[in-house]
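Visitor: Please take me through one part of this model closely, the metal site, and then follow the chain outward from there. I would like residues and values rather than a general tour.

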Amino acid sequence: MTSSAFPPAIDFSAIPRAQLPLLLARMPKAELHLHIEGSLEPELIFKLAQRNGLTLAYPSVAALRAAYAFTDLQSFLDIYYAGASVLWKEEDFFDMAWAYFERAHADGVVHAELFFDPQTHTERGVPFEVVIRGLHRACTQAQAQLGLSAALILCFLRHLSEDEAFKTLEEALPHRALFIGVGLDSSERGHPPEKFARVFARARELGLHAVAHAGEEGPPAYVWSALDVLHAERIDHGVRSVEDPTLMQRLAVERVPLTVCPLSNLKLRVVHDLADHPLPQLLEAGLVATINADDPAYFGGYILKNFEATFAALPQLGPQEAYQLARNSFEASFVAEDQKQRWLAALDAVFAAAAQGGAI
Ligand code: ADE
Ligand code: ZN
């Protein structure tokens with residue numbers, strides 16, 4: 001990862017706050033915490049259900065959307081897994097991912113590392129290769145048609161057993177070249193990272209990157225064990241780390257990125273108001289925090305909406321923090337150093353122009 005945490009000589013105080021909306025939209029950014037199944041919009045759920053001859057439990061798009069009133073992570077997961085059950089064919093996975101890439105591109109995303117949950121599909125009888133072929137084809141097209149680079153991270157569902165995770169890793173191995181890492185998601189409470197110690201060790205032996213959801217609903221202890229037991233290189237969410245000053249210090253010193261998802265935290269009641277979100281504390285403590293969408297079709301917006309809502313709710317965040325968050329997203333990504341430097345140079349150019357009163 002890039003070690004430089006120091007912005008170049010950009011005079012952030014010269015950038016008027018009124019420029020913020022344009023900067024948030026135009027600044028190049030990477031998205032590192034996006035469940036592709038969580039980008040499945042109700043309209044596409046209905047279209048795929050019809051295409052696959054399925055009847056949904058909801059009579060209309062509006063009725064389905066009205067059911068998106070969550071009280072916690074589990075209440076969301078129940079409906080999220082039901083939504084994903086319309087995905088059966090390679091084309092379905094392609095269409096879902098392509099719809100995401102078009103939206104991400106419009107939001108200024110130049111690089112995306114997407115989570116996918118193969119067990120959600122293989123458990124229903126969809127072959128692993130159908131899932132990954134459809135997703136991979138969309139990634140290839142995103143690079144070719146949008147200039148958006150994309151990579152896939154295979155997530156294990158933590159409410160299932162480690163044996164089932166091993167079976168999934170085994171099924172994935174013939175397609176090893178099509179994904180860059182493994183992650184851990186689904187119901188956090190009661191499913192600590194330790195449960196997956198051996199499968200993560202095996203994945204790391206295979207040269208895969210390791211990331212894990214921790215400290216979303218679960219305690220800071222889960223962040224510690226994601227680091228010490230799974231050797232996670234990034235923590236997904238991790239917002240409850242603010243409860244543990246020693247952990248905060250470790251994350252800052254070791255420059256372990258946190259992929260923070262503000263609208264998700266609001267909708268799943270991890271925070272009660274965006275004005276209380278700990279993002280400013282994370283940045284002040286020098287953590288490599290990033291902003292991401294998590295499950296945009298369910299939480300009210302894609303990455304730009306997450307930036308806009310967060311900056312609107314937290315007036316202490318201004319142009320310098322926008323720059324830092326975009327910079328962090330490249331530092332935290334799993335791309336080659338020379339590519340990171342090209343994106344960072346493009347980012348610097350946007351803010352340097354804004355500071356000089358030029359067009360951005
Ligand atoms: N799967 C999809 N979204 C998730 C989240 N926010 N936390 C855990 N697992 C998930
Ligand atoms: Zn997530």
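Guide: **The zinc site and its surroundings**

The zinc ion (ligand 2) has as its protein donors His33 (NE2), His35 (NE2), His213 (NE2) and Asp294 (OD), which lie 2.0 to 2.3 Å from the ion. The model is predicted, and the distances should be read with that in mind. Along the sequence, the donor residues follow the spacing H-x1-H-x177-H-x80-D. Two of these donors link distant parts of the chain: His35 belongs to strand 1 (residues 29–35) and His213 to strand 5 (residues 209–214), with the two positions 178 residues apart. His35 and His213 are both buried.

The geometry of the site is irregular, the angles among the four donor atoms of the zinc ion (ligand 2) running from 82 to 175°. A tetrahedral label would need all angles between 85 and 135 degrees, so the range of 82 to 175° rules that label out.

From strand 5 the next step is helix 10. The buried residues of helix 10 pack against strand 5, and also against strand 6 (234–237) and helix 11. Those buried residues are Pro220, Tyr222, Val223, Ser225, Ala226 and Leu227.

The contact with helix 11 can be described in more detail. Helix 10 spans residues 220–228 and helix 11 spans residues 245–253; the two pack at an angle of about 35°, and their axes are 10 Å apart. The crossing of helix 10 with helix 11 is left-handed. On the helix 10 side the contact is made by Pro220, Val223, Trp224, Leu227 and Asp228, and on the helix 11 side by Thr246, Leu247, Arg250 and Leu251. By type, the residues of this contact are six nonpolar, one polar and two charged. Pro220, Val223 and Leu227 thus appear both in the contact and among the buried residues of helix 10.

Past helix 11 the chain enters a loop that leads to strand 7 (258–260), and Arg255 sits in this loop. Arg255 has a phi near 50°, a positive value in a residue other than glycine. Arg255 is also touched by Gly286, whose contacts, leaving aside residues up to four places away in sequence, are Ala252 and Arg255. Gly286 itself is in the loop between helix 13 (279–284) and strand 8 (289–291). The C-alpha atoms of Gly286 and Ala252 are 5.6 Å apart, although the two residues are separated by 34 positions in sequence. Gly286 counts as partly exposed because its relative accessible area is 33%, which falls between the limits of 20% for buried and 50% for exposed.

A second positive phi occurs before strand 5 in the chain. Ser186 has a phi of about 80° and is not a glycine either. Ser186 lies in the loop that joins strand 4 (181–185) to helix 9 (197–205). At 6% relative accessibility Ser186 is under the 20% limit, and therefore counts as buried. Helix 9, at the other end of that loop, contains Ala201. Ala201 has a relative accessibility of 29% and so counts as partly exposed.

How values were computed. Residues numbered from 1 in each chain as written. Chains lettered and ligands numbered in written order. Predicted model: local features only at pLDDT ≥ 70, side-chain atom pairs only at ≥ 80, totals over all residues. Heavy atoms only, no water. Axes fitted to C-alpha atoms, helices over the stretch in contact; angles between N-to-C directions. Helix = DSSP H or I, 4+ residues; strand = E, 2+ residues; numbered from the N terminus. Left-handed = near helix turned anticlockwise from the far one by under 90°. Contact = heavy atoms within 4.5 Å. Nonpolar A, V, L, I, M, F, W, Y, C, P; charged D, E, K, R; others polar. Donors = N, O, S within 2.8 Å, 3.2 Å for Na, K, Ca; no water. Tetrahedral: all angles 85-135°; square planar, octahedral: opposite > 155°, others 65-115°. Buried < 20%, exposed > 50% of the residue type's maximum accessible area, 1.4 Å probe, protein only.
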